[in-house]
Amino acid sequence: MGHLGRRIQVLRERLLFTDEPDTAILQGIFALLFMLDLTLRTAGGTPVDAGSWPAAGLGLVLAACVAALVVPWHRLPAWAVGVLPVLDLAALGMSRMSNDVGGAGILAVVPALWLGRQFGLRGAGVAVLGAAVLVAVPNIVYQGVSGVAASRALLIAVVAGWAALVIAYALEKLRASRDAAEAALATLEAERRFSDAILDTVDVGLVLLAADGTYRGINRRHEDFMRLAFPDGHLGRAGQTGEVYDANGTALLGREQMPTYRASQGEEYDDVRMWVGGDPLTRRALSVSARRVASPHGEFAGAALAYTDVTDFMRLLRVKDEFVASVSHELRTPLTSIVGYVNILLEREDLPPDVVAQLEVVARNTDRLNRLVADLLHTAKSAAGPMHVVRAPTDLAAVVRDSVEAAGPAAARAGVSVQVAVPETLTVMVDQQRMAQVVDNLVSNAVKYSLPGGLVQVSLGLDVDRVELCVIDSGIGISSADRDRLFNQFFRSRQAEERSIQGVGLGLSITKSIVESHGGRIEVESELGQGSVFRVRLPR
Ligand code: ADP
């Protein structure tokens, strides 16, 4: 806005919108209009004599001007300044006491507006009364009672009063709505302080992004994380890179991997893990979640991000994985030697049958221990990174036949019969050992979770471009709530625990990771008490 524009706005506000209109300006305006009237009347051929009523009126107006300038109105009671417009009305009354019946009666509107403007409805009342008593009545007295004089006098009082009323009413409305707006603003401000206090109290770092990716706000907790992540300062835009590392804490994140950048592109996610800070002693692990914020029209309006400190959890996880890995590794060597010696012993012909039977129990249990250790190692390794598979042309049909055969003794003990339907050969590029593990797990589960007299059906087939392995049992089944957690590490159903069926809950999680690292999928259909169907599909 230009200089002049600003001046006009200030003037407009001083005249109209402030509660205290500018006394000097209002009095000045009236005085100018009053003098203009006198000047034009004199020019029109009716000189104003020094001793006349109009001249006295002029004197009164000028006196009011001086008073407007010199009296310290702000120190007097609020009503005191109302004397000036009343004096103006009196001066107007005087100026109309002349033979030319001059003195523009319309000028009464100026002090009336002033009164209504500054004193509301009460001011409007004073304006009507003043216009009647000080302008209309002296007029009639001076001119003599006549229709014309009465009409003019009446109209002056009515118009002045009306103007004062209108402005008083309009201002009252304006003030009421302004008060309402101020109250709403105060409520908003109080709400804002409350939510700021909440945001600063929670132990979660919070970031609000605007639609263009600029930071709209962060809470105090997040300031700590920002200091670690951006030791050189942050420019307040999503996607700035800094001392921010991936979940392993090794690779720096690029702009497009930064959680804020992804959120600013409208992405939503949960539990994205990362490390902030370059110093291994003070760095923190964070788990980040992001949600879009939509405008009332559903457009992308920004995003909210929450950062939870998971350092202790991540350190514990690492300790657990290292522990599991090293323990399983340490267990392997003695186990291998036990298996070796038991096998050597079992090859001897001179052992009494009861010793052979006992050694076979030892062999079976060492086998189980061996598998368990292998599973644990596998789990520890899979936490460290993606699984390594070595693909080679493999006859899956033979793999399935071997697995079923190996499950034979256990099935016989459990009174479960196993049927197998596989083609002669089915060669696929897979990791043979790992696929054997998959079939072993599924078949041994099907046997384990069957009831005596149950039936397990294993089939292998070729769909158009996929290999499908299907293991069906008529066993205890799985509830729908458990079905989602079946493939989680260490998950065991209540039914499995209640029936004391042996297991640790690792087989299916390993099976799933093997299948997925071959680009395949595993699915389960089951009802409690109705048996289960496990289906593995692999690309050819
Ligand atoms: P484990 O058999 O060692 O407990 P798994 O990971 O192989 O571990 O299986 C996890 C859980 O899934 C089992 O504890 C069991 O509750 C359930 N489950 C797996 N296979 C079957 C099945 N064929 N029938 C019923 N429940 C099953």
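Five strands form an open sheet in this predicted model. Their order is β8-β10-β11-β13-β12, and the pairing is mixed. Which strands stand at the edges? They are β8 (417–421) and β12 (521–526). Each has a single partner strand, so one side of each is left without a neighbour in the sheet. Neighbouring strands of this sheet are turned against each other by 10 degrees on average, with direction ignored.

Now look at one pair inside that order. Strand β10 covers residues 455–462, and strand β11 covers residues 466–473. These two strands pair in the antiparallel sense, over 7 bridges. In this pair, Gly461 stands opposite Glu468 in β11.

Two helices pack on the sheet. Helix α12 touches β8, β10, β11, β12 and β13 (532–539). Helix α15 touches β12 and β13. The table sets out their residues and angles.

| Helix | Residues | Strand used for the angle | Angle between directions |
|---|---|---|---|
| α12 | residues 432–448 | β11 | about 25 degrees |
| α15 | residues 507–517 | β12 | about 135 degrees |

Another part of the chain carries an annotation. An unreviewed UniProt entry gives "transmembrane region" for residues 24–40, 52–70, 123–141 and 153–171. What does the model show over residues 123–141? The chain there is 100% helix and 0% strand. The end C-alpha atoms of this stretch are 26 Å apart. Residues 153–171 are also 100% helix and 0% strand. For that stretch, the end C-alpha atoms are 27 Å apart.

Conventions. Residues are numbered from 1 along each chain as its sequence is written. This is a predicted model: local features need pLDDT of at least 70, side-chain atom pairs count only at pLDDT 80 or more; totals for chains, interfaces and linings use all residues. Side-chain values use heavy atoms; hydrogens and water are left out. Two strands pair if DSSP finds at least two bridges between them. Helices (H or I, at least four residues) and strands (E, at least two) are DSSP runs, numbered from the N terminus. Axes are lines fitted to C-alpha atoms, for helices over the stretch in contact, and angles run from 0 to 180 degrees between N-to-C directions. Contact means heavy atoms within 4.5 Å. UniProt positions are given in the numbering used here, feature names are shortened, and annotations may be inferred rather than shown by experiment.
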